[in-house]
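Visitor: I'd like a close look at one part of this protein, the smaller details of how its strands are paired, and then a walk outward from there to whatever lies around it. Could you take me through it step by step?

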Amino acid sequence: MAYVTTATTRGGRDGRAILEGGALALAMSIPKEMGGAGDGHNPEQLFALGYSACFGSAILAIARKHGVDGQKAKVTAEVTLEKDEISFALAVKLTVSIPGEDLAKVEQIAHEAHQICPYSRATRGNIPVTVAVA
């Protein structure tokens, strides 16, 4: 095992989430678009933050292999919550840019990063994830 973390939430989407040890605590709130107050955070925002950071680390590892400075990379994760026939479903669009690099090379790096990123591995076959370059 490399790492374990624990979070606890009370009150669901309209509650409070806290990491074990109290290093981070967030007020949670249903987005205005879903009829809530929208004055806190929501799981989709946290998923977007985590996925973009994790994918960024995968980009760093792969870029190095291609002789590219991965520190220049920007990864944007757009997380969508859609209503489906059962309840709700997630979808993700990852957009990668590495200023000054050839788009074909950035596409190759992004494709390889998508193969090793733990978030990509966890979502593969479960939710739609698209990877684009800019």
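Guide: Let's start with strand β2, residues 16-19, which is joined to β3 by 3 bridges, the two strands running antiparallel. One pairing to find on your screen is I18, whose bridge partner in β3 is A25. Please keep in mind throughout that this is a predicted model.

These strands belong to an open sheet of 3 strands, ordered β1-β2-β3 and paired in the antiparallel sense. At its edges are β1 (7-10) and β3 (25-27), each of which pairs on one side only. From one strand to the next, the twist averages 15°.

Now step back to see where this sheet sits in the chain. The protein has 3 helices and 6 strands, and from the N terminus on its elements follow the order β-β-β-α-β-β-α-α-β. Along the principal axes, the C-alpha trace spans about 45 × 35 × 25 Å. Of the 134 residues, 30% are buried. The accessible surface comes to about 8400 Å², with 54% of it belonging to carbon and sulfur atoms. Taking contacts between residues at least 6 apart in sequence, 48% join residues at least 24 apart.

The other strands give us a second sheet to explore. It is also open, with 3 strands in the order β4-β5-β6, but here the pairing is mixed. The edge positions go to β4 (74-83) and β6 (129-133); each has a single partner strand, so one side of each has no neighbour in the sheet. Neighbouring strands are turned by 20° against each other on average, ignoring direction. Strand β5, residues 88-97, pairs with β6 in the parallel sense over 5 bridges. Within that pairing, V92 has V129 of β6 as its bridge partner.

Helix α1 (residues 43-65) packs on this sheet and touches β4, β5 and β6, its direction making about 145° with that of β4. Helix α2 lies across β5 and β6, and runs at about 155° to β6.

A good residue to pause on is H114, which is placed in helix α2 (residues 103-116). H114 counts as buried because its relative accessibility is 15%, and the cut-off for buried is under 20%. The side chain of H114 makes a polar contact with the side chain of S120, at 2.7 Å. Leaving aside neighbours within four places in sequence, H114 is in contact with Y51, F55, S120, R124, V129 and V131. You have already met V129, the bridge partner of V92.

If you work with cysteines, you may like to finish with C54 and C117. The structure holds 0 disulfides. The cysteine sulfur closest to that of C54 is in C117, and the 3.5 Å between them is too far for a bond; a disulfide would need the two sulfur atoms within 2.5 Å. Looking from the other end, C117 is in no disulfide, and its nearest cysteine sulfur is that of C54. Both cysteines are covered: C54 counts as buried at 17% relative accessibility, and C117 is buried with a relative accessible area of 0%.

Note on methods: Residues numbered from 1 in each chain as written. Predicted model: local features only at pLDDT ≥ 70, side-chain atom pairs only at ≥ 80, totals over all residues. Heavy atoms only, no water. Pairing = 2+ DSSP bridges. Helix = DSSP H or I, 4+ residues; strand = E, 2+ residues; numbered from the N terminus. Axes fitted to C-alpha atoms, helices over the stretch in contact; angles between N-to-C directions. Buried < 20%, exposed > 50% of the residue type's maximum accessible area, 1.4 Å probe, protein only. Polar contact = N/O pair within 3.5 Å; in protein donor to acceptor, adjacent residues only side chain to side chain. Contact = heavy atoms within 4.5 Å. Areas by Shrake-Rupley, 256 points an atom, 1.4 Å probe, with all protein chains shown as cover.
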